[in-house]
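Q: Please take a close look at one part of this model. I would like its surroundings described, and then the ligand site.

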Amino acid sequence: MYNQLFEFAVKAAENAYCKYSGFHVGAALLTADGKIYTGCNVENASYSMTICAERTAIFKAVSEGARDFSAIAVAGSSDGDFSKNCTPCGACLQVMSEFCGRDFKIILADGVHNLSDFLPVSFGEENLK
Ligand code: THU
């Protein structure tokens, strides 16, 4: 099942708008009820306005009312070979932590990881109290 999710991520990378980096990224987010939301990176001539594939997928899903997520697959490549890991950046991990627990699965080229493997602690709503 996670292999299939990874293939969705590879497919989503086809739509990457990455004319500045040339690095294509796709993400496929699986909800608890089995829906898949995909995303790609969308770059901008004002480089810092770029959004990653993971956040594109998460924001698409949340904007459509989904809140309960079980896994995200991420595939990245500059040459069509998606066999190397594309590890989510810190900003994307923080956004995942807003909606997902420590055991949220992150599927990379090398297999299955937990969100807590990459982000052991995060800023959360408790910190605002
Ligand atoms: N990028 C992602 O979309 N996700 C990641 O996990 C890492 C980086 C994008 C941002 C930028 O468009 C390009 O990859 C190079 O950093």
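**Helix 2 and the ligand site**

A: This is a predicted model. Start at the end of helix 2. G65 follows this helix, and its phi is positive, near 100°.

Now the helix itself. Helix 2 spans residues 53-63 and is mostly covered. Of its 11 residues, 8 are buried. The buried set begins with the run A53, E54, R55, T56, A57 and I58. A61 and V62 complete the set.

What do the buried residues of helix 2 pack against? Three strands and a helix are involved. The strands are strand 1 (24-31), strand 2 (36-40) and strand 3 (69-77). The helix is helix 3 (90-99).

Next, the ligand. It is surrounded by 13 residues. The closest are N41, E43, C52, A53 and E54. Two of these, A53 and E54, also belong to the buried set of helix 2.

By class, the shell around the ligand holds 7 nonpolar residues, 4 polar ones and 2 charged ones.

Three polar approaches to ligand oxygen stand out by residue. E43 places a polar side-chain atom 2.5 Å from an oxygen atom of the ligand. For N41, a polar side-chain atom lies 2.9 Å from a ligand oxygen atom. A53 uses its backbone instead: an N or O atom there lies 2.9 Å from an oxygen atom of the ligand. Taken alone, the ligand exposes 380 Å², and the protein buries 78% of that.

A53 thus links both topics: A53 is buried in helix 2, and A53 is among the residues closest to the ligand.

Key:
Residues are numbered from 1 along each chain as its sequence is written. This is a predicted model: local features need pLDDT of at least 70, side-chain atom pairs count only at pLDDT 80 or more; totals for chains, interfaces and linings use all residues. Side-chain values use heavy atoms; hydrogens and water are left out. Buried means under 20% relative accessible area, exposed over 50%, partly exposed in between (1.4 Å probe, protein chains only). Helices (H or I, at least four residues) and strands (E, at least two) are DSSP runs, numbered from the N terminus. Contact means heavy atoms within 4.5 Å. A residue is near a molecule or strand if one of its heavy atoms lies within 4 Å of it. A polar contact is a pair of N or O atoms within 3.5 Å; within protein, one must be able to donate a hydrogen and the other to accept it, and residues adjacent in sequence count only if both atoms are side-chain atoms. Accessible areas come from the Shrake-Rupley method with a 1.4 Å probe; for residues, only the protein chains shown count as cover. Ala, Val, Leu, Ile, Met, Phe, Trp, Tyr, Cys and Pro count as nonpolar, Asp, Glu, Lys and Arg as charged, and the others, Gly among them, as polar.
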